[in-house]
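User: Please take a close look at one helix in this model and at whatever it packs on, and then place that part in its wider surroundings. I would like one connected account rather than a list.

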Amino acid sequence: LAKTFLVNRSTIVTAMNMLISDGLLDTAHGAGTYVSSNPWSLLIHRSVNWSHYVSTGSFRENLPSVQAINRYEATPGILRLGTGELSPDLFPRNYFQTAIEKVSRSVSSLGYAEPLGLLSLRKTLSSLLAKQDISASPSNILVTSGSLQALQLISVSILRAGATVFTESPSYLKSLQLFQSAGLHLKGIPLDKDGLEYWRISSSFFDFHRQTLLYTIPTNHNPTGITMSERRRHELIEFCNHLQLPIIEDDAYGSLYFEPNPPKPLKALDKNDAIIYLGTTSKSLAAGLRVGWLVAPEAIVQRLGDVKMQMDYGASSLSQLILTEIIESGNYTTYTKQLQQKLLQRRNMALTVLNEYFSDLGTWNIPKGGFYIWVTLRKRIPMEILFCKAIKKGILLNPGDMYDFNPNHSLRISYAYLNKQEFTKGIQELAILIRSLSKN
Ligand code: PMP
């Protein structure tokens, strides 16, 4: 039954060379080529081709500009003009010192925390939330490793791939990336000065009737700085209740409203248990604590807590103990009040600088809290070139495109990180760069 195939000589030479390089054949001058005496050489000599692995897995790659920002942020002296971090000058060192000393004296062991997070912290958070008119018992609270993890837990534990998430357009970049990595379908909804234009959901809602959810950042929105008006909040909740559309309320910047009469969180208006609320200490205390919290109906909290145990065995017990102490001592509330005032001064400083150097180059909103001013350039210029040229000048930008579903010509400018001198220098240099690019 044997068949004969004619094979080109060079094919055989190539095949032999491959077997030699794989260690299955040995060759020596004068001795010819023979089967390797050490079949294990295959395992010993071959090295893993990691390039087959790095681009797989369920997570999408970050956009190149996001990867660049992540890398350059650590560069000493770089002016982080759009960063989402608080300035190290604002770090409450004394509050941490006191809390850490107290925790180290009282703690008797440092084991894994309960699946939903330390009960002591959940009780403390329950009282903190009550001050915002959010009623949540400890069993309605899950402590997470930052609110980004809460979003991830939601994406992979209670939603099916192919489910639709409506989000503001633009929105918090990492959430968009994470939703997409989980195979969720995103639909961007524009905002006006009062927040999300919820009525625009109607037209596409019924196309996505399977599993749907709305993700919103109603207070001090990232990246635009917009705060949803009281009226829009009530209308949104009514609208979503009518459609039975659950809401994820991301309140990362909620405690940083610095104008009088802060709006209530959506969750405080939620009579139907239709909202999953997310809080974090990352913007109002210290991002490195990696502690956030999620408020939801018990069944959802249990499900997410179960998945969290599979992911990381719970948020850091040490961070949870320190945070409990800082909140219980009253220092958290004192700090956030001081922070609001400092951010207000910084916002005013930033507006003065922008008015002086940028009024002919862009337009912007006046935020009532949080970190960000959304600057839209009057003239379209290539944003990737601006980003690269700015890096050469020692300025790290956060171009608006990263946050959006469609191309835009905006920049997220933050007043939370740089001091007056650095901010002014950054804006002056940026204005020069934009002028030179607008000429071309
Ligand atoms: N939500 C929003 C709107 C944010 O801006 C951020 C951080 N930039 C997060 C969530 C994630 O914060 P955390 O550090 O708590 O994971």
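Analyst: A residue counts as buried here if 20 or more other C-beta atoms lie within 10 Å of its own, as exposed if 12 or fewer do, and as partly exposed in between, with the C-beta atoms placed from the backbone. The model is predicted, and the part to follow through it is helix H7, residues 147–157.

By that count helix H7 is mostly covered, since nine of its 11 residues are buried. They are Ser147, Leu148, Gln149, Ala150, Leu151, Gln152, Leu153, Ile154 and Ser155. What these buried residues of H7 pack against is a mixed set of elements, namely the strands S4, S9, S10 and S11 together with helix H8 (173–181) and helix H12 (298–312).

Ser157, which also lies in helix H7, is a case apart from that list. It counts as partly exposed because 17 C-beta neighbours lie inside 10 Å of it, a count that falls between the limits of 12 and 20. Once its neighbours within four places in sequence are left aside, Ser157 is in contact with Arg303, Leu304 and Val307. To set Ser157 against a more remote position, its C-alpha atom is separated by 19 Å from that of Gly279, which is 122 residues away along the chain.

The sheet comes next. Eight strands form an open sheet with mixed pairing, in the order S4-S11-S10-S9-S8-S5-S6-S7. Its edges are strand S4 (141–144) and strand S7 (195–196), each of which pairs on one side only. Strand S4 pairs with strand S11 (residues 292–295) in the antiparallel sense over four bridges, and within this pairing Ile141 has Val295 of S11 as its bridge partner. Helix H7 packs on this sheet, touching S4, strand S9 (247–250), strand S10 (275–280) and S11, and its direction makes about 150 degrees with that of S10.

Of the strands that H7 touches, S9 repays a closer look. Both of its faces are covered, with Ile247 and Glu249 buried on one side and Ile248 and Asp250 buried on the other. Strand S9 is joined to strand S8 (residues 212–216) by three bridges, and these two strands run parallel. Within that pairing, Leu214 has Ile247 of S9 as its bridge partner.

The ligand brings several of these elements together. It is surrounded by 13 residues, the closest of which are Gly146, Leu148, Ala252, Thr280 and Ser282. Leu148 is also one of the buried residues of helix H7. In composition, the shell around the ligand divides into five nonpolar residues, seven polar residues and one charged residue.

Some of the connecting loops have backbone details that a computational chemist may wish to inspect. A cis peptide bond, with omega of about 5 degrees, joins Ser169 and Pro170, and Pro170 is found in the loop between strand S5 (164–169) and helix H8. The peptide bond from Asn222 to Pro223 is likewise cis, with omega near 15 degrees, and Pro223 belongs to the loop between S8 and helix H10 (230–243). Asp273, although not a glycine, has a positive phi of about 55 degrees; its place is in the loop between S9 and S10. Asp273 is partly exposed, because 13 other C-beta atoms lie within 10 Å. Arg290 also has a positive phi of about 55 degrees without being a glycine, and it sits in the loop between helix H11 (282–286) and S11. Arg290 is partly exposed as well, because 17 other C-beta atoms lie within 10 Å.

Helix H5 (residues 93–106) offers a contrast in covering. It is hardly covered, since the count of buried residues among its 14 residues is one, whereas nine of the 11 residues of H7 are buried. At 1.5 Å a residue helix H5 should span 20 Å, and this agrees with its end C-alpha atoms, which are 20 Å apart.

Beyond these elements, three strands form a further open sheet, in the order S12-S13-S15 and with antiparallel pairing. Strand S12 (362–364) and strand S15 (410–414) are its edge strands, each pairing on one side only, and the twist averages 30 degrees from one strand to the next. In this sheet S12 and strand S13 (residues 372–377) pair over three bridges, with Leu377 of S13 as the bridge partner of Gly362.

Notes:
Residues numbered from 1 in each chain as written. Predicted model: local features only at pLDDT ≥ 70, side-chain atom pairs only at ≥ 80, totals over all residues. Pairing = 2+ DSSP bridges. Contact = placed C-beta atoms within 7 Å. Axes fitted to C-alpha atoms, helices over the stretch in contact; angles between N-to-C directions. Near = placed C-beta within 6 Å. Nonpolar A, V, L, I, M, F, W, Y, C, P; charged D, E, K, R; others polar. Expected span 1.5 Å × (residues − 1).
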